[in-house]
Amino acid sequence: MSIFNTSETDIATFFLIGIPGLESANIWVSIPICLMYIVAIVGNCTILFFIKMEPSLHEPMYYFLSMLAVSDLGLSFSSLPTMLRIFLFNAPGISPNACIAQEFFIHGFSAMESSVLLIMSFDRFIAICNPLRYTSILTSTRVIKTGLVFSLKNVLLILPFPFTLKHLRYCKKNLLSHSYCLHQDVMKLACSDNKINVIYGLFVALTGILDITCIFMSYMLILKAVWGIASQNERLKVLNTCVSHIIAVLIFYVPIISLSVIYWFAKYSSPMVKILMADVFLLVPPLMNPVIYCVKNQQIRNLILMKLCQKYS
């Protein structure tokens with residue numbers, strides 16, 4: 001049977017998995033997962049709404065925050081269909097076309113989130129190290145152009161994934177390792193040569209490593225600049241403006257790095273650990289980013305409280 005126009009394949013359906021050993025409790029597991037998706041979607045939509053409607057938030061930092069919210073929404077909506085099918089309806093089957101489409105969007109929005117976190121680190125660097133020229137360097141036009149350039153870069157970076165996967169032949173194995181489709185997971189099912197996929201996958205991973213390296217370097221320069229401030233109170237005040245971004249970087253990269261370490265150096269570790277870490281990677285950043293920025297950012301927090309007070313007064 002032919003599933004793709006470019007190759008013949010023996011497998012018409014891939015099967016995703018939930019949490020091994022807890023299949024009978026899928027309906028109960030779905031409750032916290034649904035709540036996490038609801039909070040993530042509502043939280044990120046709230047941030048986008050206030051940034052769009054409030055003129056005082058039409059600044060570079062908030063434009064970058066809106067890009068982060070869009071990336072988080074993309075990650076949530078990309079993984080939502082299969083997660084709900086598995087845990088709510090106990091339907092783990094997915095067609096190869098749908099699986100490849102899902103992995104494209106998941107990897108695309110993940111790459112976009114990594115890029116936005118990198119851009120936000122540059123934003124903090126300019127704001128702290130060159131505050132007098134901040135508004136002249138980061139104009140609205142430059143911010144929009146930067147967002148479009150990085151979006152195009154990420155689309156072009158991930159675009160080969162679906163085409164290289166479609167040219168593979170799938171037979172015998174059809175069980176995936178997670179509740180959603182990932183490039184490295186799908187290509188392992190192929191019974192034809194997947195060297196191109198492996199090499200290009202490593203290249204994409206290296207771009208992610210380059211992002212985190214640049215973020216690290218920007219913070220080294222920030223610390224160097226902050227160290228030159230005489231007053232300790234001023235140092236803490238300046239560093240406090242970076243806390244939200246640092247936490248966002250940690251909750252995005254720590255699960256990815258941990259999962260990579262597990263796959264490379266702990267191949268015989270429990271499948272449960274790999275599955276939970278992979279779920280954390282997709283569920284936690286979209287959930288926590290709006291919470292972090294609403295709690296730490298006084299302007300957004302005050303706007304939300306003011307709207308709530310007006311509604312219930």
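Which backbone oxygen does the side chain of Ser110 reach? In this predicted model, the partner is the backbone oxygen of Ile106, and the distance to it is 2.7 Å. Ser110 sits in helix α3. Its relative accessible area comes out at 11%, so Ser110 falls under the 20% cut-off and is classed as buried. As for what surrounds it, leaving aside residues up to four places away in sequence, Ser110 touches Leu75, Phe252 and Phe281.

Helix α3 runs over residues 96-129, and Ser121 is found there too. Buried or exposed, then, for Ser121? Ser121 is buried, because its relative accessibility is 0%. With residues up to four places away in sequence again left out, the contacts of Ser121 are Ile215, Ser218, Tyr219, Ile222 and His245.

Now for the annotation. An unreviewed UniProt entry lists residues 27-50, 62-84, 104-122, 143-163, 198-222, 243-266 and 272-295 under "transmembrane region". How much helix does the model put into residues 27-50? That stretch is 100% helix and 0% strand, with its end C-alpha atoms 35 Å apart. Another of the listed spans, residues 143-163, is 95% helix and 0% strand, and 32 Å separates its end C-alpha atoms.

Back to the two serines: the record's list includes residues 104-122, while helix α3 covers residues 96-129. Ser110 belongs to that helix, and so does Ser121.

Notes
Residues are numbered from 1 along each chain as its sequence is written. This is a predicted model: local features need pLDDT of at least 70, side-chain atom pairs count only at pLDDT 80 or more; totals for chains, interfaces and linings use all residues. Side-chain values use heavy atoms; hydrogens and water are left out. Helices (H or I, at least four residues) and strands (E, at least two) are DSSP runs, numbered from the N terminus. Buried means under 20% relative accessible area, exposed over 50%, partly exposed in between (1.4 Å probe, protein chains only). Contact means heavy atoms within 4.5 Å. UniProt positions are given in the numbering used here, feature names are shortened, and annotations may be inferred rather than shown by experiment. A polar contact is a pair of N or O atoms within 3.5 Å; within protein, one must be able to donate a hydrogen and the other to accept it, and residues adjacent in sequence count only if both atoms are side-chain atoms.
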